Amino acid sequence: MTLYEDNKELYDSIPAEKFKRVERDEAIHDAKFQTKPICFLKDVWLRFTKNKASVCAAIVILIIAVLAIFGPGMNRFKYDEQYPDRVNMPPKIPAIANLNLGIFDGGYVLKNRQYDSISDTTKYPNDCIINVTNPQVVNGVRMVDVEVDYYKYLGISDDECYWFGSDYLGRDIWTRLWRGARMSLIIAVVSVACNVVIGLLYGSIAGYYGGTVDMILMRITEILNAFPRIVIVTLFVMVAGTGMFSIIMALIIKDWVPTARMIRSQFYRFKGSEYVLAARTLGVRDMALIFRHILPNSMGPIITSSMIAVPTAIFAESFLAYIGLGLQAPETSIGVMLSQGQKVLLHYPTQVVFPAIVISLLMISFNLFGNGLRDAFDPTLRGAE
Amino acid sequence: MAEREKILEIKNLCMEFPVKRREKLKALNNVTFDIYKGENFGLVGESGCGKTTLGRTIIRLYNPTSGEILFNGRSISGKLNKDTRKYVTDNIAMIFQDPISSLNPRMTIQEIIAEGLSIRGIKNKEEQRRMVVEILDKVGLLPEHAARYPHEFSGGQRQRIGIARALILNPSFIIADEPVSALDVSIQAQVIKLLLEMKKIMGLTILFIAHDLSVVKYFSDRIGVMCKGQLVELGDADEVYKNPLHPYTRALLSAIPEPDPIREKKKKRLYYDPQIHDYSKESPEFVEITPGHFVYGSPSEIEQYRIDLKEGINIFN
Ligand SMILES: Nc1ncnc2c1ncn2[C@@H]1O[C@H](COP(=O)(O)OP(=O)(O)OP(=O)(O)O)[C@@H](O)[C@H]1O
Ligand SMILES: [Mg+2]
């Protein structure tokens, strides 16, 4: 029995005109969004500034970049000026030295001096003594370690200070450090830019067309990847001589391969996605599909990996400098300075500390900055957090 | 029936996907049917039976393994040259099944909807903007939504954006791939109404894909039932609904919930068991059993169906 069959007579007695079709007739209209639409770049900026770590990183990178540009001109030394009588000077910045903090005071420890001669002004002129430590008796003679202001000790006036000290040829480390940073950054940025461009084109073609094209292109990269870097660099140095060009080429020859692979895999990930198919049904051309649909969606990994590639390239350049294939004297780079500083690490640690700090800062900052950029360019994160 | 103009003719269409080395998955198997101009063709079948594949093969996202597709009498299967591809993209549009992944997350709604316009030579930004606002209004969205990104919308809104993207190009034929499956019931009705309205205004032909008959039966002129890459029954909506011949169609029909609770409770559910067909001796064919009503079966099964037809069918008891 059904409802209708049970009450057949009752139901059938109702005239058809009395029935009205129930239907939601009002047109569908959605409510306005509460939030305001903002233009893309402003949105990117807002999201970037929200990430404090990457803002700090950007500032650090900016400071290093500014110093790399103007640093070498900030004191009276030239990067290739040698002072054979002032080698391996400790760092001294007069303004900081006056604060008695124990840093940048030109302090240098003279080991095992006779205690009796401390007050001898011919030996220790201009009250250069900062500190006396480690008293001991050797063969009945009282010996001490004397920390002196090496500049006063040698009778050098305050306005001739080496802010970060000098190297084994008496060259100013401050000037050389920033000039080196400049060179390293140029090498890194140029090589990474080339790598990204090559990798982008290569990876896009391989990933988008797939099939045989992809297979041939990928085999080529595998062959390239099989060559050890040192062999390639050595060959380049043989042919083109040492110098910036060879180093940049050395950092390009096979380093675009990971970028290309990464972009290829991004293409594989997105080319079958529904929105790409949808665009295809609209008749969107290959180039527009690549540049408007697939690449913007793979921006994140591309940005982060190329940002990380910058300090990695600086590292690679340092490695070349270490094995003697880097920039040749008197030209300098962070890598050259590190390899020179490392030779005197135990006696004059400051010579390696400053370039090490700069390269570490660059490394961390580029990482954080890359992450921030990736998030900033991702509109799907809008309103997240 | 015969004098009606055919907009789409599909002949023996096969589509295979390579799965493993030398192994192939037959997603479409000898599909043959026509769609008439101005009609609303409903295609139903369980999940994974190849409905989406059929739609995508028609719009040529996939290259058919064999068979022929004629659109307005012009062949659009085989290798496409520039001209034919343009012909396909200009005339056929597709609404995608998944409203979330079918919109590019990096593009604003304006860019998404206007993309097809610039390809068709409408490059003027003002003109584009005007047309986008117009179509947004038609699908019930506001002009201010144009500057937003897809993730800011609900599923139903996104589905309507997908519809707007397809409609703005004035296609003559739309493949609507389960446009309502992802939506809740109240919005389902709205979206279907919207499609039907557009159809009336723009003189569209619609291939409406769904996975159950309940959505399709109310507004389709003809219904095709698909099972495992195969069209098993095809006919006028009323005819298929009244005289379902193939056991799979019957099973689908018995799955439609009844609004009457008592009847619903008493209803016998039919289950389809593909094992009942014995095709080892006789090979099955797609046969026109009464004018316009096709069913797939072996000669002896067809005989049985004819008897069923004469005796009248009541699948519910
Ligand atoms: N690109 C592909 N490569 C390999 N196999 C595929 C591909 N696309 C679909 N298939 C297979 O083809 C069959 C049919 O898939 P299809 O997407 O057409 O199903 P459907 O009828 O649309 O199902 P649903 O109702 O769930 O959307 C499935 O078995 C699926 O696994
Ligand atoms: Mg589907």
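Colleague: How far does a backbone N or O atom of B:Gly48 lie from an oxygen atom of ligand 1?

Modeller: In this model, which is a predicted one, a backbone N or O atom of B:Gly48 lies 2.7 Å from an oxygen atom of ligand 1.

Colleague: And what are the distances for a backbone N or O atom of B:Cys49 and of B:Gly50?

Modeller: For B:Cys49, a backbone N or O atom is 3.3 Å from an oxygen atom of ligand 1, while for B:Gly50 the corresponding distance to an oxygen atom of the ligand is 3.0 Å. As for cover, ligand 1 has 630 Å² of accessible area on its own, and the protein covers 65% of that.

Colleague: Which residues come nearest to ligand 1?

Modeller: There are 14 residues around ligand 1, and those that come nearest are B:Ser47, B:Gly48, B:Thr52, B:Thr53 and B:Gln97. By residue class, the shell divides into five nonpolar, six polar and three charged residues.

Colleague: Which element gives the most to that shell?

Modeller: That is H1(B), which contributes three residues to the shell around ligand 1. Helix H1 (51–58) and strand S2 (23–36), both in chain B, each supply at least two residues of this shell.

Colleague: Changing topic to the two chains: how many residues of chain B are in contact with chain A?

Modeller: On the chain B side there are 43 residues, in contact with 37 residues of chain A. The two chains bury about 3800 Å² between them, with 56% of that area on carbon and sulfur atoms.

Colleague: Which residues in chain B lose the most area to chain A?

Modeller: In chain B those are B:Arg106, B:Glu115 and B:Arg148, which together account for 18% of what that side buries.

Colleague: What about charges, then: how many salt bridges does the rule find across the interface of chain B and chain A?

Modeller: The rule finds two, and B:Glu115 turns up here as well, since its side chain meets that of A:Arg292 in a salt bridge at 2.5 Å, N to O. For polar contacts, the count between chain B and chain A is nine residue pairs, with both residues at pLDDT 80 or more.

Colleague: Which helices of chain B each supply at least two residues of the side that touches chain A?

Modeller: Helix H3 (109–119), helix H5 (155–167), helix H6 (185–202) and helix H10 (261–266) of chain B each do so. Taken by class, the residues on the side of chain B that touches chain A divide into 16 nonpolar, twelve polar and 15 charged.

Conventions: Residues numbered from 1 in each chain as written. Chains lettered and ligands numbered in written order. Predicted model: local features only at pLDDT ≥ 70, side-chain atom pairs only at ≥ 80, totals over all residues. Heavy atoms only, no water. Near = heavy atom within 4 Å. Polar contact = N/O pair within 3.5 Å; in protein donor to acceptor, adjacent residues only side chain to side chain. Areas by Shrake-Rupley, 256 points an atom, 1.4 Å probe, with all protein chains shown as cover. Helix = DSSP H or I, 4+ residues; strand = E, 2+ residues; numbered from the N terminus. Nonpolar A, V, L, I, M, F, W, Y, C, P; charged D, E, K, R; others polar. Contact = heavy atoms within 4.5 Å. Buried area = accessible area lost by both parts, 1.4 Å probe. Salt bridge = Lys/Arg side-chain N within 4 Å of Asp/Glu carboxyl O.
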